[in-house]
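Hi everyone, thanks for coming. I'd like to walk you through one protein today, so have a look at the screen and we'll go from there.

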Amino acid sequence: VDFTWREFRIVPIMTCAKIIHMDLPNKRKIIHHLGKELEQKQSKTNISDDMALSLRAFHSLLRQLSSFVQDCYFQACKNIGKKPPFQTSIPNEMDLFRIGRFDLRRLQSRDYASWQSLIFYMAENLKWLAELTSALHSIELHGGSV
């Protein structure tokens, strides 16, 4: 899958990942940390706010990539003249600010129960995305045998 983001970059690191948001209009980079590196910033007073911002950035990436892969899958099935055999509905619908029943703009940074549920929704969508990507790859490798 050949996909690039204009405004985001992912930097995988052994203990965490960084999502770099390229704020193009303002010509600046905003770095969001996920994982151990964020945990190590315990001296920061807004650790929950940082995690909330990081998860919002991750949501944006996941939403864009899911939409792109889904479009590629539908096109690949159309190209071989077959109906998509894979479950193509994402488990938890996403739009610009929502995933499932959660509006990321309204979640409080210390509402841990809601954030935990939201992370579960993201994990379900990631699993679905991995399966959809595998199905797409199979179509690309084997042509008509879906």
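Where in the protein is confidence lowest, and where is it highest? This is a predicted model, so let's begin there. The lowest mean, 51, belongs to helix α1, residues 36-39. At the other end is strand β4, residues 98-99, with a mean of 94. Across the protein the pLDDT averages 79, and 73% of the residues score at least 70.

Now to the inside. The largest nonpolar core has 23 residues. Those with the most contacts inside this core are Tyr 73, Ile 99, Trp 115, Leu 118 and Met 122. Two or more residues come from each of the helices α2 (47-80) and α3 (112-142). Which of the elements gives the most to this core? That is α3, with 10 residues.

Let me pick out Leu 118 for a moment. Leaving aside residues up to four places away in sequence, Leu 118 touches Ile 99, Phe 102, Leu 104 and Leu 107.

Next, please find Leu 62, which lies in helix α2. Is Leu 62 buried or exposed? Leu 62 has a relative accessible area of 3%, so we call this residue buried. And what does Leu 62 touch, again not counting residues up to four places away in sequence? The partners are Met 94, Met 122, Asn 125, Leu 126 and Leu 129. Take Asn 125 from that list: Leu 62 and Asn 125 are 63 residues apart in sequence, yet their C-alpha atoms are 8.2 Å apart in space.

On to the aromatic rings. How many aromatic pairs does a search of the whole structure find? The search finds 2. Tyr 73 and Phe 74 have ring centres 6.5 Å apart and planes at 55 degrees, so we describe the pair as tilted. The neighbours differ in exposure: Tyr 73 is buried, at 0% relative accessible area, whereas Phe 74 is partly exposed, at 36%.

Since many of you will ask about cysteines, how many disulfides turn up in the whole structure? The count is 0. Cys 72 is partly exposed, with a relative accessible area of 26%, while Cys 77 is buried, at 1%.

Finally, the charged side chains. Side chains of opposite charge can pair when their charged atoms come close. Here the count comes to 4 salt bridges. If you would, turn the view to Asp 103. Which residues are linked with Asp 103 in a network of salt bridges? They are Arg 98, Arg 105 and Arg 106.

Let's take the partners in turn. Asp 103 meets Arg 98 at 3.7 Å, N to O. With Arg 105, the N to O distance is 2.9 Å. With Arg 106, the closest N and O atoms are 3.5 Å apart.

How accessible are these side chains to the outside? Asp 103 has a relative accessible area of 8%, so this residue counts as buried. Arg 98 is partly exposed, at 31%. Arg 106 is exposed, at 63% relative accessibility. So the bridge between Asp 103 and Arg 106 joins a buried residue to an exposed one.

That's my tour, and I'm happy to go back to any part of it.

Terms used:
Residues numbered from 1 in each chain as written. Predicted model: local features only at pLDDT ≥ 70, side-chain atom pairs only at ≥ 80, totals over all residues. Heavy atoms only, no water. Salt bridge = Lys/Arg side-chain N within 4 Å of Asp/Glu carboxyl O. Buried < 20%, exposed > 50% of the residue type's maximum accessible area, 1.4 Å probe, protein only. Disulfide = S-S within 2.5 Å. Phe/Tyr/Trp six-rings, centres within 6.5 Å; stacked < 30°, edge-to-face > 60°. Core = buried A, V, L, I, M, F, W, Y, C linked by side-chain atoms within 4.5 Å. Helix = DSSP H or I, 4+ residues; strand = E, 2+ residues; numbered from the N terminus. Contact = heavy atoms within 4.5 Å. pLDDT = per-residue confidence, 0-100.
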